[in-house]
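Q: I'd like to learn how to read a model like this one at the bench. Can we go through it feature by feature?

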Amino acid sequence: MALLTVRGLSKRYEGFALENASFTLEAGYIMGFIGRNGAGKTTTLKSMLGLVSADAGQVWIDGMDFRKEEFACKQRIGVSFGGADYYPRARLSDIASVTRRFYPDWDGAVYRELCGRFDLDENKRVRQLSAGMKVKFSLALALSHRAKLLILDEPTSGLDPVSRDELVELFQRIVEDGEHSVLFSTHITSDLEKCADYITYIQDGRITASCDRDSFTGAYRLVRGAASQLTPELLPRLMGVRRHAFGFTALAEAADLPLLSGLEIAPADLESIMIHTSKEGFSHEASAV
């Protein structure tokens, strides 16, 4: 069952437009939402959640129309934009006491269990928490009101590698029961290599791909060759060509492999796809696989 369905979401600003964003996330999976800074990730999330007024489009949460049943939808989701942005001097227990009033399904026993699991001291103040612990606190609050869908904007940004790895493992545990899902935007592709089941890729306000991770990476290959091999016939088949002293490196669609004989070919990962398809002057639109 789809926990999140987005169809035709659009939002226009001066100098930027989110256009016809559409994707679906089923229960029990993690989706990574990727794109370079300014591509439209945060605009998409805020438009989905009604934090900015979308110009067009529809969003369904757990089968409910967000516009028509906003209160009920918000009971089903947990949202974090950059950790716990609360009063820095407030104790965690006080914040939890205020938060529970907004959620009829709040479960105090679940909250205390999560605090123990995440090593959260309820007597600490927000300013005493590390960036990673702030994210964990946000997750504890969300899961304590039985949120099925977690929507997180750059949750691992600024964290050290150990803290990032802990959060990635936490996301995986959350979806293990097949009833919860996690959607999180990030530019740290190594985190997604570890945990993402699906990838949604946005470029310049347009979603160019939304599919399972293996299909996304499998649609491309990294190619390398000598400068003499970069012929006028080959060039249109390549994306984000980077010339260097030893020749060139580029991205190509896997479907074009029969045309790439004589070149060194390697699998493409998320980072290499982002780098080559986002290169300035890039005009070959990424395939919506």
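Q: Let's start with a single pair. Which residue in E10 is the bridge partner of Thr 200?
A: Bear in mind that this is a predicted model. The partner of Thr 200 is Ser 210 in E10. Zooming out from that pair, E10 and strand E9 (residues 198-203) run antiparallel and are joined by six bridges.

Q: What is the strand order of the sheet that holds E9 and E10?
A: Walk across the sheet and you meet E6-E7-E8-E3-E9-E10, six strands in an open sheet with mixed pairing. Strand E6 (77-81) and strand E10 (206-212) are the edge strands, each pairing on one side only. From one strand to the next, the twist averages 10°.

Q: Which strands does H5 touch when it packs on that sheet?
A: H5 touches E6 and strand E7 (149-153), and its direction makes about 155° with that of E7. H6 also belongs in this picture: it lies across strand E3 (30-34), E7 and strand E8 (181-185), and runs at about 150° to E8.

Q: Now the helices themselves. At what angle do the axes of H5 and H6 cross?
A: Here's the general idea: two packed helices are described by the angle between their axes and the distance between the axes. For helix H5 (residues 131-144) and helix H6 (residues 161-175), the axes cross at roughly 15° and come within 11 Å. The two helices are therefore roughly parallel to each other. As for handedness, H5 passes H6 in a left-handed crossing.

Q: Which residues of H5 and H6 meet?
A: On the H5 side you'll find Val 135, Lys 136, Leu 139 and Leu 143; on the H6 side, Glu 166, Leu 167, Leu 170, Phe 171 and Ile 174. By class, this contact has seven nonpolar residues, two charged and no polar.

Q: H5 also packs with H4. Are H4 and H5 roughly parallel or antiparallel?
A: Use the angle and the distance again. The axes of helix H4 (residues 108-117) and H5 cross at roughly 155° and come within 8 Å. That angle makes H4 roughly antiparallel to H5. The crossing of H4 and H5 is right-handed.

Q: And which residues does H4 bring to its meeting with H5?
A: H4 brings Val 110, Tyr 111 and Leu 114, which meet Phe 137, Ala 140, Leu 141, Leu 143 and Ser 144 in H5. Sorted by class, that contact has seven nonpolar residues, one polar and no charged. Leu 143 is worth a click in your viewer: it is listed in the contact with H4 and in the contact with H6.

Q: There's another sheet further along. In what order do strands E11 to E14 lie?
A: Their order is E12-E13-E11-E14, four strands forming an open sheet with antiparallel pairing. The edges are strand E12 (238-244) and strand E14 (264-267), each pairing on one side only. Here the twist averages 20° from one strand to the next. Take strand E11 (residues 220-225) and E14 as an example: they pair in the antiparallel sense over four bridges, and Arg 224 has Glu 264 in E14 as its bridge partner.

Q: Last one: where is the confidence lowest and where is it highest among the helices and strands?
A: H5 has the lowest, with a mean of 85, and strand E4 (residues 56-61) the highest, at 97. The chain averages a pLDDT of 89, and 95% of the residues score at least 70. Over residues 280-289, though, the pLDDT is below 50, and this stretch has 24 contacts in the model beyond near neighbours in sequence. Where pLDDT is low, the predicted coordinates should not be read in detail.

Definitions and conventions: Residues numbered from 1 in each chain as written. Predicted model: local features only at pLDDT ≥ 70, side-chain atom pairs only at ≥ 80, totals over all residues. Heavy atoms only, no water. Axes fitted to C-alpha atoms, helices over the stretch in contact; angles between N-to-C directions. Parallel < 35°, antiparallel > 145°, perpendicular 65-115°, else oblique. Left-handed = near helix turned anticlockwise from the far one by under 90°. Contact = heavy atoms within 4.5 Å. Nonpolar A, V, L, I, M, F, W, Y, C, P; charged D, E, K, R; others polar. Pairing = 2+ DSSP bridges. pLDDT = per-residue confidence, 0-100.
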